[in-house]
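Thanks for making room for this on the agenda. I would like to go through the packing of one chain with you, and then its pockets.

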Amino acid sequence: MAAQNCLVTNDWICGEYLRSRSQELTDATVQHIWITAVSVAIGVAVAFPLALLARRGRRFAGPVLGLTTVLYTVPSLAMFSLLLPLFGLSAALVVTGLVLYSLTILVRNILAGLQAVPQEAKEAARGMGYGPVRLLWEVELPLAMPALMAGVRIATVSTVALTTVGSIVGRGGLGNLIDDALPSFFKAQVLAASVLCVLLAVVADLLLLGVQRLLTPWTRISGARDAAGTAGTVKAV
């Protein structure tokens, strides 16, 4: 009886809410994941050529980095208002806005990763006959992968949070539930949607960390060697 009355008493933790609104929570979570995944994927596809352009020199780096930084500072309401005539009240409006916000993180991390590739590694590849394209895909990109994946992880966590803003056009995933609950301050719905957002961010970050470790096995090897070396030094002392 107490579990059923938690809806009437508007408790923060309410099992009856989770049971009766499970389908609504599931639908909102799926929409949230879809919008986040599509936004980050498109963001990476757009950021990569921009980073390649920026590394050609200061003449290109200044405008690219400056533009992506300016886009990140635009308030979400203003961003959606500017994009509204192009996309209308659709998921494309939210995805485009999230892509633009992700660029400042992704472009900078990809650029930093590419610039950190040792010059001797590139010279050795050129000495083996590697052309520019092969050098990029087989040498530079793998070595830049840790920085690239770090950018993807940050952008993903940020996008999970920003997706809720899409509730202003009805495409905010879990943000829709939060927005619907605020006028009446429906505590159980606000808490459930908020906790799910946090869990999505944590799970996404852990999954991407696992992908990063799979794509960069040499970092685990070097880490193990460093740990072994430190242990040997301590033992010797």
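I will begin with the nonpolar cores and then turn to the two pockets.

Please keep in mind throughout that this is a predicted model. The largest nonpolar core holds 37 residues, and the members that touch the most others within it are Val107, Ile110 and Leu148. At least two residues of this core come from each of helix 3 (22-54), helix 4 (58-73), helix 5 (76-87), helix 6 (91-115) and helix 8 (132-162), with helix 6 giving the most, 14 residues. If we look at Ile110 and leave aside residues up to four places away in sequence, it touches Ala47, Phe48, Ala51 and Leu148. There is also a second, separate core of 18 residues, which includes Tyr17, Leu25, Phe186 and Cys197.

Now to the pockets, where the largest has a volume of about 240 Å³, and where, among the 13 residues that line it, Ile33, Thr36, Ala37, Thr156 and Ala204 are the closest to its centre. Helix 3, helix 8 and helix 10 (187-215) each supply at least two residues of that lining, and the largest share, six residues, comes from helix 3. What classes of residue make up the lining of the largest pocket? Ten are nonpolar, three are polar and none is charged.

The second largest pocket encloses about 160 Å³ of space, and its lining includes Trp12, Tyr17, Leu191 and Leu199. Helix 2 (15-20) and helix 10 are the elements that give two or more residues to this lining, and helix 10 gives the most, with six. By class, the lining of the second largest pocket has eleven nonpolar residues, one polar and no charged.

Technical notes:
Residues are numbered from 1 along each chain as its sequence is written. This is a predicted model: local features need pLDDT of at least 70, side-chain atom pairs count only at pLDDT 80 or more; totals for chains, interfaces and linings use all residues. Side-chain values use heavy atoms; hydrogens and water are left out. A nonpolar core is a set of buried Ala, Val, Leu, Ile, Met, Phe, Trp, Tyr and Cys residues joined through side-chain atoms within 4.5 Å. Buried means under 20% relative accessible area, exposed over 50%, partly exposed in between (1.4 Å probe, protein chains only). Helices (H or I, at least four residues) and strands (E, at least two) are DSSP runs, numbered from the N terminus. Contact means heavy atoms within 4.5 Å. On a 1 Å grid over the protein atoms alone, a cavity is a set of points where a 1.4 Å probe fits but cannot get out, and a pocket is an open set with protein on both sides within 12 Å along at least five of seven lines; lining residues have an atom within 4 Å of a point. Grid points are joined across faces, edges and corners, and a volume is the space filled by probe spheres set on the points. Ala, Val, Leu, Ile, Met, Phe, Trp, Tyr, Cys and Pro count as nonpolar, Asp, Glu, Lys and Arg as charged, and the others, Gly among them, as polar.
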